[in-house]
Each structure stands twice: as C-alpha cells, then as structure tokens.
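Subject: The structure you asked about

Hi,

Here's the structure I promised to pass on. Have a look at it first, then read my notes underneath with the picture open.

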Amino acid sequence: MTSTQDAGVVVEGLGRRFDELWALRDVDFAVPQGSVLGLLGHNGAGKTTAVKILTTLLHPTEGRAAVASHDVVTDAALVRRSIGLAGQQATVDGLLTARANLQMVGRLYHLPRKVARARADELLERLSLTDAADRLVKTFSGGMRRRLDLAASLVAAPPVLFLDEPTTGLDPRSRIDLWALLEELVRDGATVLLTTQYLEEADRLADNIVVLDGGRVAAQGSPAQLKTRIGGERLEVTVGAPDELLPAAAALGHFASDQPVVDGDGARVVAPVRAGVALADVVRALDAAGVATTDLHRREPTLDDVFLAITEPTTTAPEEIAA
Amino acid sequence: MSAYAERLRLGLSDSLVLAGRNLSHVRQIPEKLIDVTVQPLMFVILFAYVFGGAIAVPGGNYHEYLMAGIFIQTLTFGVMGPAMSMANDLGEGVLDRFRSLPMARSAFLSGHVIAEFLAAMLGLAVMTVAGLVVGWRIHTDVAHAAAGFGLLLLVAFTMLWIGMLLGTVARSADAVTGIVFIVIFPLTFVANAFVPAGTLPSVLQTVANWNPISSLVAALRTLFGNPTAIPANAPWPLQHPVASALMWCAAILAVVVPLAIAAYRKRTEA
C-alpha cells in the first residue's frame with residue numbers, strides 16, 4: 001500500500017559527488033502529494049543537482065530518492081512516466097516550431113498522434129503561445145522559450161513536476177503570469193518541486209521551503225516558520241564612512257525586531273524592522289547619532305537575509321566591528 | 001502482445017518520431033543537404049569538364065571512370081551530417097528533455113541513423129542522375145547493377161556510423177568540421193577516385209593502393225562495368241575489389257558501431 005506521502009517525492013540522505021566535490025550531501029526532505037516545495041539557494045548550492053537526480057538524469061552517489069512511489073535509480077523508467085521537467089537550460093528544440101516541439105514530446109510520452117496534437121494546441125493556448133505556435137523556437141525570446149519549456153513539461157499531465165528556476169530571466173509581467181499558472185496547476189492536484197534564488201517566489205508559491213547551501217540543507221520549514229526565524233521587512237542604511245557603522249547600528253537597534261547586522265563591504269547596516277516604524281523617526285535617530293546617512297530604505301527580506309539569519313557564526317555583530 | 005514486443009513497438013515508434021524531428025531540421029535548414037546534393041554536382045562539373053580533359057584513363061572514357069569516385073567521395077563526406085547533428089544535440093539542453101521522457105534510450109541514436117540514411121539516399125539519387133547526364137552508364141546486368149547500388153547503401157551506412165562516433169566523442173560541432181576536412185580530403189584524393197593510381201609517385205601509389213577508398217571505388221567500377229584502370233601488379237585488395245570493399249565495410253562497422261554506442265552511453269550516463 002502506498003501512503004499519500006510516498007506518491008510525492010521522498011529524499012533520504014541524498015548525496016552526489018563530482019570527483020572530489022560533493023555537490024549535494026546528506027539531504028533529506030519530502031514533498032507530500034499535491035504540495036509545492038521550494039528549493040531555495042544561490043548558484044552552486046546544489047539545486048540543479050537535486051533536480052537532475054530526481055528526474056533520473058543523474059545517479060546519486062549515496063542515499064535514495066523516490067518519485068511517485070518509484071525509486072529514481074532502480075525504477076527510472078517508471079519515474080520518467082510520472083514526471084515533467086522544465087530545466088534550467090530551456091530544453092526545447094530551436095529548429096522546430098513550438099507546435100512541433102510539443103507534438104514531438106507528446107509522441108515520446110506515447111500519446112496517440114491525435115491526442116498529442118490536441119494537447120499541444122491546448123497548452124499553446126494556455127501559455128499564450130498560440131500566435132507564435134508555428135514559428136521556429138530559435139526566434140523566441142527567453143520568456144517565450146521558458147513558457148514553451150513549461151508547456152513541454154505539462155504535455156502528459158504528469159503528477160509530479162520539476163521546475164528548475166522557472167522564472168530566471170523572465171520579465172516581471174511574465175513572472176507573475178507564470179506564478180498564476182503554477183498556482184492553477186497546484187489547485188489541479190500537481191505535486192511540484194521548484195528551485196529558485198528568490199525568497200519572495202518561494203514564499204508566494206511553496207508550502208514548504210528547503211534552503212540549500214553548499215550542497216547541504218541549511219534550513220527547512222514552512223514559509224511562516226522560516227519567516228519567524230528571519231523576521232519581516234528589512235531596514236537598510238548605507239553610511240558615508242566605516243566609523244559610522246557602529247553608531248548607525250546602535251540607532252537602528254531601537255526600531256529592529258532583532259540585532260542589526262553590519263555589512264562592512266557595502267558600508268551598510270541591515271535590520272529586520274518592527275511593525276509600525278516610521279522612516280522619519282529612523283532618519284531623526286540616525287541624525288541624532290551623528291551618522292551621515294547616504295541611503296535608507298525598507299525592503300522585503302532576500303535569500304541573503306535568510307542566510308545571515310540562519311548561519312549565525314558568519315554574522316558580524318556590531319560589537320565585533322568596533323574591536 | 002508480449003511485453004517484449006510492446007517495448008520493441010514503442011522503441012520503433014520513438015525512433016521514427018526522432019527521425020521525423022531530424023528531417024524537420026532539414027526542412028527548416030535546407031542548406032544541411034548541400035554536402036549530399038550541391039557538392040557532388042560541383043565535383044562532377046569540376047572533374048568532368050575542368051580537369052577531365054587533362055586526365056587520361058587507360059582503356060576508357062574519363063566520365064565513366066569518374067562517377068564511381070564521385071559516388072564514394074560524396075558518401076565519405078557523409079560522415080559530416082550525422083557528426084554535426086550528434087555534436088549539436090549532445091551539447092544542447094534538449095538532450096535532458098529526451099532523457100527525462102519515458103522513451104527508449106536507443107531511439108535517439110536510431111532516429112539520427114534513420115534520418116541521415118534517408119539524406120544519403122537522396123544524395124545517391126542526385127549523383128546517379130548527374131552521372132547519367134554527363135555520360136556515365138552502367139554496362140553490367142541487373143544483378144551486378146543492383147549489387148553496385150547495394151554496395152553504395154552499405155558504404156553510406158558505414159560512413160554514417162563513423163559520423164555518429166565522431167559526433168559523439170567530439171567536443172563541439174566546430175571540432176567536427178576540422179577533423180573531417182583534415183582526414184577526408186587526403187583520404188579521397190590519395191586514391192584512385194579521380195585519377196588512376198598509376199600516375200602517382202611511388203610512395204603515394206602504395207598508399208593509394210591500400211587505401212580503403214580505392215577498394216570501394218574499384219568495386220563500384222567493377223560492378224557497374226566502368227573502366228577500372230587497375231594495373232596487373234596491384235596488391236590483393238585491388239585485384240579483388242568487391243571482396244575487399246565488403247571486408248572493409250564489415251570491419252569498420254564492427255569497430256565503429258559498438259564504439260559509438262558505448263560513447264553515447266557514456267555521454268548520457270546518469
């Protein structure tokens with residue numbers, strides 16, 4: 001008997017070594033059926049390696065992984081029948097038309113010719129590519145290629161979808177369209193694993209987030225849990241001279257929900273801001289502390305803030321700067 | 001239907017889908033067929049009318065002598081098409097797409113082989129017509145003529161697999177072009193393809209006599225009844241051109257096919 005958990009993705013002690021380098025190590029997570037997991041990390045964090053293992057393109061060096069209840073190594077053929085992949089390199093054929101690409105993928109999923117044709121038309125429509133359907137893909141913009149790539153991953157309506165940085169290189173408008181489409185797919189019951197470098201994206205789309213750093217899991221939990229750890233909006237202050245960093249951090253402390261963090265390189269102080277703080281008050285406090293503020297703004301927390309918050313030892317507390 | 005027969009059916013269907021993909025590429029970029037269409041026509045004109053007047057063939061007409069050389073040279077350049085398309089595909093993200101689909105893994109290779117073989121057949125048809133236009137004729141019976149065309153198909157198949165191997169091990173499509181020109185030009189010219197080998201200096205004559213290209217060309221001339229201009233003291237392969245041509249093709253295929261498949265497996269291993 002298969003539990004609902006098993007029908008999604010289960011990863012246990014997964015590791016992959018390239019020569020001497022572990023691209024992925026001791027990774028455990030699960031994507032329950034019908035949920036979305038956001039795999040968050042910088043370039044080189046191991047996100048693509050994880051996706052490649054789960055889509056049978058790479059064998060793990062250690063550990064095991066199952067997709068739709070099938071082991072990715074021993075039952076690779078069964079896994080391939082249950083998945084759709086939108087890779088980081090747009091994995092479509094530039095010398096075919098968009099329509100021909102989708103029909104070809106449908107035929108390779110062994111859909112009957114007629115079904116493959118109908119499905120291609122349906123997906124072109126759904127991803128607003130109907131007007132470009134008979135153009136060669138090499139003439140497409142990056143965003144159009146991405147959408148076609150996503151369409152290709154949906155051809156067989158697979159129960160589990162892998163999307164490797166689906167919005168990288170998209171303009172803001174296409175990104176929002178793509179988010180809406182993903183939300184629609186999830187409502188229809190798809191299990192989705194997506195990788196991203198943007199905390200905002202993972203927050204918006206994912207039920208659970210796994211933060212990867214150097215091939216290892218740095219943190220995981222729901223977006224709410226992660227936010228509790230990292231705080232909300234950031235107040236970012238850039239100062240004119242390095243000796244103003246400490247007074248600036250002290251002044252910011254009154255408005256912060258957690259200790260301000262000093263970024264010496266950028267001559268910046270960053271702090272998670274408490275609710276209801278007025279920027280005018282912050283400016284006044286900085287002025288009173290004798291800080292020549294060159295820039296001050298509020299912003300959403302980024303992946304960097306996540307790392308700063310969860311990898312405490314590398315965080316530089318203001319006291320240490322003074323020494 | 002047994003599970004094995006079903007797998008075979010799906011594998012064949014996958015191969016045809018991918019062969020169709022490669023043929024669509026040709027439809028989009030007809031220049032891909034230049035090496036099997038325009039290039040042989042150019043060589044026919046060049047040799048038949050530019051150099052031909054200055055080349056004497058003992059016991060025969062140069063145009064009749066020339067065509068077998070053109071046939072084999074063009075088929076030899078046929079390594080280029082499959083090599084380029086394999087090298088291009090292996091460097092692209094589209095391969096990841098194919099590998100993540102529930103298709104037969106071998107279909108990617110067989111799709112290329114089928115499409116390229118069809119392209120080679122088109123080239124053969126073009127050359128045959130061009131040859132007939134410049135005065136080349138088949139002087140043997142139907143059986144020998146059929147054997148001649150059979151040999152041409154075998155050579156096309158052999159060259160195609162050399163190209164598959166080359167394209168799979170090459171680091172890029174550009175590397176392929178370099179290798180092909182450096183190897184194929186001397187290989188086809190230091191042979192009996194365009195001039196009787198007897199006219200070459202002795203060292204080159206030895207090379208030409210043992211060159212597999214010479215065996216293939218001589219076999220074709222023999223089967224089509226064209227002048228062969230093989231001297232009486234030629235080594236064994238040229239005294240028995242059909243047998244040596246078949247042996248060359250069999251030997252090359254026996255080496256190249258397993259190597260190409262192994263190289264493809266290695267390039268796509270998980």
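Below is what I found, starting with the sheets and ending with the place where the chains touch. Keep in mind that this is a predicted model.

**The six-stranded sheet**

Start in chain A, where six strands make up an open sheet. Going across, the order is E6-E7-E8-E3-E9-E10, and the pairing is mixed. Why do strand E6 (83-86) and strand E10 (216-221) of chain A each have one side without a neighbour in the sheet? They stand at the edges and each has a single partner strand, so there is nothing beside them in the sheet on the other side. As you step from one strand to the next, the twist averages 15 degrees.

For a closer look at one edge, find strand E9 (residues 208-213) of chain A. E9(A) pairs with E10(A) in the antiparallel sense, over five bridges. You can spot A:Val210 there, standing opposite A:Gln220 in E10(A).

Now go to the other edge. Helix H5 (residues 142-154) of chain A lies across E6 and strand E7 (160-164) of chain A. The direction of H5(A) is at about 170 degrees to E6(A).

**The four-stranded sheet**

Chain A also has an open sheet of four strands, in the order E12-E13-E11-E14, and here the pairing is antiparallel. Which strands are at the edges? Those are strand E12 (261-263) and strand E14 (293-299) of chain A, each pairing on one side only. The twist in this sheet averages 20 degrees from one strand to the next.

E12(A) and strand E13 (residues 268-272) of chain A are antiparallel partners, joined over three bridges. In this pair, A:Val261 is opposite A:Val270 of E13(A). There's a helix packed on this sheet too: helix H10 (residues 279-288) of chain A touches strand E11 (234-239) and E14 of chain A. Its direction makes about 150 degrees with that of E14(A).

**Where chains A and B touch**

How many residues does each chain bring to the contact? Chain A gives 27 residues and chain B gives 18 residues. On the chain A side, the elements that supply two or more residues are helix H2 (76-82), E6 and helix H3 (98-108) of chain A. H3(A) gives the most, with five residues. As for what kinds of residue sit on that side of chain A, 16 are nonpolar, seven are polar and four are charged.

So E6(A) is one to remember: an edge strand of the six-stranded sheet, and one of the elements on the side that touches chain B.

Cheers

Terms used: Residues numbered from 1 in each chain as written. Chains lettered and ligands numbered in written order. Predicted model: local features only at pLDDT ≥ 70, side-chain atom pairs only at ≥ 80, totals over all residues. Pairing = 2+ DSSP bridges. Axes fitted to C-alpha atoms, helices over the stretch in contact; angles between N-to-C directions. Contact = placed C-beta atoms within 7 Å. Nonpolar A, V, L, I, M, F, W, Y, C, P; charged D, E, K, R; others polar.
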